Amino acid sequence: MRARTLLLLLLAILLAGGTALLARSYLAAQRTQEVAGAAPVPLQRPSKSVLVARADIKRGQILRPEDAIWQIWPEGGLDKNYVVMGGPPTPARTPESFAGWVAKNPIVGGEPITETKIIAPGNRGFLAAVLRPGMRAISVPVTITSGISGFIFPGDQVDLLLTHSIPLPPATSGETGKSTYEHKATETMLHNIRVIAIDQRLESKPGEAVPAHTATFEVSAKQAEGIALASEIGKLSLILCSLVPGPNETPAADPAVAATTGQNAPGSPIAATTSQNAPDSSIAESASYTFDSEVSPLLPKAQGGKDTTEAAVITILRGGGKASESAASQPASKGS
């Protein structure tokens, strides 16, 4: 009885082992067929990052590092003009490397930035791309004092002053006691005009103040005529404008915004108060001036303008008649 039980147990073990081997062989064969019948899966090529505009960039806008951003781009959609992260030239381009460039054409937000749509400082056509539509560029000579010791940089707003002599009026026959002093005056010709270049530099290095020899402004055609004439009349000086306007001043419009918002249109508040956005009207309409006699009371009063002093008339009574006597410079005597 015991031998029979052992025999049955051994037989059961052999049958179980054989069944397991058969099942394993069957599953291995099925797996081999599935792998052999499956189509090969192509390896996914890694995507690359392309430099794109973070927001809309207008024509003539000077690029800043925050205007561009890297964006993942499909490998099949890459163009040879795109700026690719890690690509040529060496060293690779970065958003900071395009700071100071100017957009020749509008770029929509999310659109790749290509060197065909932007222009680098110093390249041909850069200055024309910086100018707003209808504006002109004109340069004037400056010195260390008239250029504020090199602390005026491209992008600043300045007032333009003209200092010149006032010609003496022609002498009238029989006129005596007339002053022969030739007065001088300084007048503010233009307010808040935009500086677009200092010497041949259209951008400045941080913390660098270099005395300049020329300054280039963005002005209208009429203002360019006035500046060219003023440089022949007398001495020009630049006055740096504060970023914060005074209580009676209107801030100058952002050049990147003025062209699209209509702030530089004739009749707008900014066009009426800032000469950089004003139409081609007479410069003398908004000019202010100061005579030398206002600076020093020791100088004779200027005859004309706001310093004109009317002659005092003293009436002297003699008997039944009367006579008028002019006392422009002599005070009336006590006995008169």
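Here are some short exercises on a predicted model, each with a worked solution.

**Exercise 1. Get an overview of the chain: how many helices and strands does the protein chain have, and what percentage of its residues is buried?**

Solution. Start with the secondary structure: the protein chain carries six helices and 12 strands. Next, look at burial: of the 336 residues, 28% are buried. Then turn to the surface, where about 22000 Å² is exposed and carbon and sulfur atoms supply 59% of that area. Finally, check how far along the chain the contacts reach. Among contacts with a separation of 6 or more, 63% involve residues 24 or more positions apart.

**Exercise 2. Classify the ring pair of Trp73 and Tyr82, then do the same for Phe98 and Trp101.**

Solution. A search of the whole structure turns up three aromatic pairs. Take Trp73 and Tyr82: their ring centres are 5.9 Å apart and the planes meet at 85°. Planes over 60 degrees apart count as edge-to-face, so that is the label for this pair. On burial the two partners get separate labels. Trp73 has 18% relative accessibility and counts as buried, while Tyr82, at 22%, counts as partly exposed. The cut-off that splits them is 20% relative accessible area, because buried means under that value.

Now for Phe98 and Trp101. Here the centres sit 5.0 Å apart with the planes at 65°, so this pair is edge-to-face too. Both Phe98 and Trp101 are buried.

**Exercise 3. Work out which residues touch the most other members of the largest nonpolar core, and which elements supply at least two residues of this core.**

Solution. Begin with the membership: the largest nonpolar core has 22 residues, and Leu160, Phe217 and Ile227 touch the most other members. Then go by element. At least two residues of this core come from each of β5 (136-141), β6 (157-165), β7 (184-198), β8 (214-219), α3 (221-233) and β9 (235-240). The largest share is five residues, from β7.

To see what one of these residues meets, zoom in on Ile227. Skipping neighbours within four places in sequence, Ile227 is in contact with Ile138, Val140, Leu160, Met189, Leu190, Phe217, Val219 and Leu236. One more thing to tick off: another core of 13 residues lies apart from the largest nonpolar core, and its members include Leu51, Ala53, Trp101 and Ile118.

**Exercise 4. Decide whether β8 is largely enclosed or open, and find which strands are joined to β8 by bridges.**

Solution. Count the burial first: five of the six residues of β8 are buried, so the strand is largely enclosed by the rest of the structure. Then trace the pairings. β5 runs antiparallel to β8, with six bridges joining them; in this pairing Val140 stands opposite Ala215. β7 and β8 are also antiparallel, joined by four bridges, and Ala197 is the residue opposite Thr216.

**Exercise 5. Locate Thr143, say whether Thr143 is buried, partly exposed or exposed, and find the separation of its C-alpha atom from that of His213.**

Solution. Follow the chain past β5: Thr143 is in the loop between β5 and β6. Its relative accessible area is 43%, so Thr143 is partly exposed. Now compare sequence with space. Thr143 and His213 are 70 residues apart along the chain, but their C-alpha atoms are separated by 6.0 Å.

**Exercise 6. Sort out the salt bridges around Arg64: which residues are linked with Arg64 in a network?**

Solution. The structure holds six salt bridges. Step one is Glu66, whose side chain meets that of Arg64 at an N to O distance of 3.7 Å. Step two is Asp67, which forms a salt bridge with Arg64 as well, the closest N and O atoms being 3.3 Å apart. Put those together and you get a network of salt bridges linking Arg64, Glu66 and Asp67.

Step three is burial. Glu66 counts as partly exposed at 42% relative accessibility, and Arg64 likewise at 45%. Asp67, with a relative accessible area of 10%, is buried.

For a further case, try Glu111 and Lys117. Their side chains meet in a salt bridge at 2.2 Å, N to O. Glu111 is partly exposed at 22% relative accessibility, and Lys117 is partly exposed at 22%.

Methods
Residues are numbered from 1 along each chain as its sequence is written. This is a predicted model: local features need pLDDT of at least 70, side-chain atom pairs count only at pLDDT 80 or more; totals for chains, interfaces and linings use all residues. Side-chain values use heavy atoms; hydrogens and water are left out. Buried means under 20% relative accessible area, exposed over 50%, partly exposed in between (1.4 Å probe, protein chains only). Contact means heavy atoms within 4.5 Å. Accessible areas come from the Shrake-Rupley method with a 1.4 Å probe; for residues, only the protein chains shown count as cover. Rings of Phe, Tyr and Trp (its six-membered ring) pair if their centres lie within 6.5 Å; planes under 30 degrees apart count as stacked, over 60 as edge-to-face and the rest as tilted. A nonpolar core is a set of buried Ala, Val, Leu, Ile, Met, Phe, Trp, Tyr and Cys residues joined through side-chain atoms within 4.5 Å. A salt bridge is a side-chain nitrogen of Lys or Arg within 4 Å of a carboxyl oxygen of Asp or Glu. Two strands pair if DSSP finds at least two bridges between them.
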